[in-house]
Amino acid sequence: MPSKSACLRHTEAPGQLEGRMLQGQLPNTDKNLTPTPGSLPATEPQGSETNPMPPFSIPAKPSNQNPQLPMRPKLERTLSLDDKGWRRRRFQGSQEDLTVQNGASPCRGSMQDSVTQFPACSRPLPCLSTSLQEIPKTRRATGSEGGSPSVWSDCLPGMISTSLDLLHRETTPGGGSPKLASLHAAHTPPAMDLNIASSSLRTANKVDPEHADYKLRMQTRLVRAHSSLGPSRPRSPLAGDDHSILSARSSFSLLAPIRTKDIRSRSYLEGSLMASGALLGADELVRYFPDRNMALFVATWNMQGQKELPASLDEFLLPTEADYTQDLYVIGVQEGCSDRREWETRLQETLGPQYVLLSSAAHGVLYMSLFIRRDLIWFCSEVECSTVTTRIVSQIKTKGALGVSFTFFGTSFLFITSHFTSGDGKVAERLLDYSRTIQALALPRNVPDTNPYRSSAGDVTTRFDEVFWFGDFNFRLSGGRVAVEAFLKQDPEVDVLALLQHDQLTREMKKGSIFRGFEEAEIHFLPSYKFDIGKDTYDSTSKQRTPSYTDRVLYKSRHKGDICPMKYSSCPGIKTSDHRPVYGLFRVKVRPGRDNIPLAAGKFDRELYLIGIKRRISKELQKQTMKNQSSSAVCTVS
């Protein structure tokens, strides 16, 4: 801090300086006011009949010194206050920022706004808040002795107001709003109209509590700064400033509020089965599935390697029997089309923006795609896949199996799509394909087993809670085509059970030689193989293959009753292959889990998502264009 001598090096005697500086400027003050150290002495104006400002009084502190002698102002104290004040005022507040944006100079209250009534100085104003030592010697103009008033006499009230404003800012207890505590109530500036033209005055009017319309403006303030604050909770401190909250204000959210203390105590690394703070725990599960049952769509289709895709997949993925879409879509394809990416894009386009491709795997011409609702991707573990080849000689892997597994909350899933050996009498080969698959699929890998005590190293289906096995198993209806056609000519709804008595897969499952522990929903549809392409007639070629239920969807659960089939049917409207797609709708029970599994962290195929959405938009625009063209009247002149 500068010494006292340094602060006075440009000043005259204290009494002379004060007399020149305040002469003719300060209003009439109380004659009983005693000048004290730290306060500016008031003098009677000379040569001025009227006061430039309403009279006000400056509070004086008690002093033991001689009241008859003018006291020297504490310049050191002024400098220290000035230094502290400007350090705290390095950055503009939200009120000053808003004022500058409106085209006015920053203001600090209604008193400083009142200074704008006086004419502007032609020279820079010496501000007392900077330092008293920088104030030049007061020039006594001719107006003080009968002439016109000087320039400094018009500007000095603003200087005094600024200096007093700063002093009271520094000395206000508790960091309250700076104001002149001794401002006379009778001379309070009048209330301003709400439609006043000056933006700076209107801005200051909002934040000065001493104005009459302050309470009126306070009624329009934001009541709640965030939707998580209920009516019985204390208001957010952000709601106290209309201008600083503009950057933090947002529309009310529909998400459930999260308390800060809950986040502090919440662990995303380790949880228990019933942990309230676990990401995969019971509380989070009930938020999305109150009955703990998720909707699952599983489908299989042998595309016969056709490049042509159906014009619409709505009948396949969005059957009319289902009022609502499912939470998870799993589609397995055998002998898939050559352009696998195009096939996945068509699936994304059909399901829409509410679904994302969680995983996609391929083994030769075996494809599997998993689409899940966007809201549920955070509760999935890493997706793992494994493959098995059953026909070693073939260069193109047309026969084999593809397995995909992951854990959802605390329930592990395994999906297997297979293409077994074809031929009416090759039942043994198909049984061998099944045995190779359950032994060779190396799943899970990094994701821990949810129940290792009930798992077997020789059977992959025992290592997961819920298993779905679907594909072209190639099991046929025995008895020959003539016998099968005789049943088909009768009422299909009645004779389907009679057909299944000749089904090779049903017979082998009853023996326990294949798909041990698996179940299948009741079949009420016609055989899905083999049709003439583009027609509803079965094979009319010279081979005369027997219609059969080659395409199936089977399921298995560790806990009895966890999987409930809702619909099991085929898609007769899709005729681009000699197979009809077969799908099943299921309700699967999901259990809470632990937070110690490797999560997928919301990963999905973003590029495929964008392509599918763009196609939906372009098709919608084309429909609207064609509709407008068809509805417009065209006149021709012949």
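## Strand 11 and its partners

How many of the eight residues of strand 11 are buried? Six of them are, so strand 11 (residues 582-589) is largely enclosed by the rest of the structure. Keep in mind as you look around that this is a predicted model.

Strand 11 has a partner on each of two strands we can name. Strand 1 (residues 293-302) runs antiparallel to strand 11, and eight bridges join the pair. Look for A295 here: it stands opposite R587 of strand 11. Strand 10 (residues 563-570) is also antiparallel to strand 11, this time with seven bridges. In that pairing, I563 faces V588 of strand 11.

## The whole chain at a glance

Let's zoom out for a moment. The chain has 638 residues, and 43% of them count as buried. It contains 17 helices and 11 strands. Take the contacts with a separation of 6 or more: 70% of them are between residues 24 or more positions apart. As for the outside, the chain exposes about 34600 Å², with carbon and sulfur atoms supplying 53% of that area.

## The six-stranded sheet

Now back to strand 11, which belongs to an open sheet of six strands in the order 3-4-2-1-11-10, with mixed pairing. Strand 3 and strand 10 are at the edges with a single partner strand each, so one side of each has no neighbour in the sheet. On average, and ignoring direction, neighbouring strands here are turned by 15 degrees against each other. If you wonder what holds such strands side by side, strands of a sheet pair through backbone hydrogen bonds, either parallel or antiparallel.

Strand 2 (residues 328-334) and strand 4 (residues 366-373) give you an antiparallel example, with six bridges between them. Within this pair, Y329 has F371 of strand 4 as its bridge partner. Helix 12 (residues 340-351) packs on the sheet and touches strand 1, strand 2, strand 3 and strand 4, making about 155 degrees with the direction of strand 3.

## A closer look at S359

Is S359 buried or exposed? This residue sits in strand 3 (residues 355-363). Its relative accessible area is 14%, and buried means under 20%, so S359 counts as buried. Setting aside neighbours within four places in sequence, S359 is in contact with M368, S369, L370, V383 and V404.

## The five-stranded sheet

There's another open sheet to find, made of five strands in the order 5-6-7-8-9, again with mixed pairing. Its edges are strand 5 and strand 9 (551-557), each with a single partner strand, so one side of each is left without a neighbour in the sheet. Neighbouring strands in this sheet are turned by 15 degrees against each other on average, direction ignored. Strand 8 and strand 9 pair antiparallel over seven bridges, and F468 stands opposite Y555 of strand 9.

## Helix 13, a helix with two sides

Helix 13 (residues 427-440) has 14 residues and spans 20 Å from its first C-alpha to its last, close to the 20 Å expected at 1.5 Å a residue. Its buried residues are V427, R430, L431, D433, Y434, T437 and I438. Seen down the helix axis, they fall within an arc of 155 degrees, so they line one face of helix 13. The face turned away from that buried side carries the exposed residues A428 and Q439.

What covers the buried residues of helix 13? The cover includes strand 5, strand 6, strand 7, strand 8 and helix 16 (504-511). Helix 13 lies across those four strands, running at about 145 degrees to strand 5.

Conventions
Residues are numbered from 1 along each chain as its sequence is written. This is a predicted model: local features need pLDDT of at least 70, side-chain atom pairs count only at pLDDT 80 or more; totals for chains, interfaces and linings use all residues. Side-chain values use heavy atoms; hydrogens and water are left out. The expected span of a helix is 1.5 Å times one less than its number of residues. Buried means under 20% relative accessible area, exposed over 50%, partly exposed in between (1.4 Å probe, protein chains only). The arc is that of the directions from the helix axis to the C-beta atoms. Contact means heavy atoms within 4.5 Å. Two strands pair if DSSP finds at least two bridges between them. Axes are lines fitted to C-alpha atoms, for helices over the stretch in contact, and angles run from 0 to 180 degrees between N-to-C directions. Accessible areas come from the Shrake-Rupley method with a 1.4 Å probe; for residues, only the protein chains shown count as cover.
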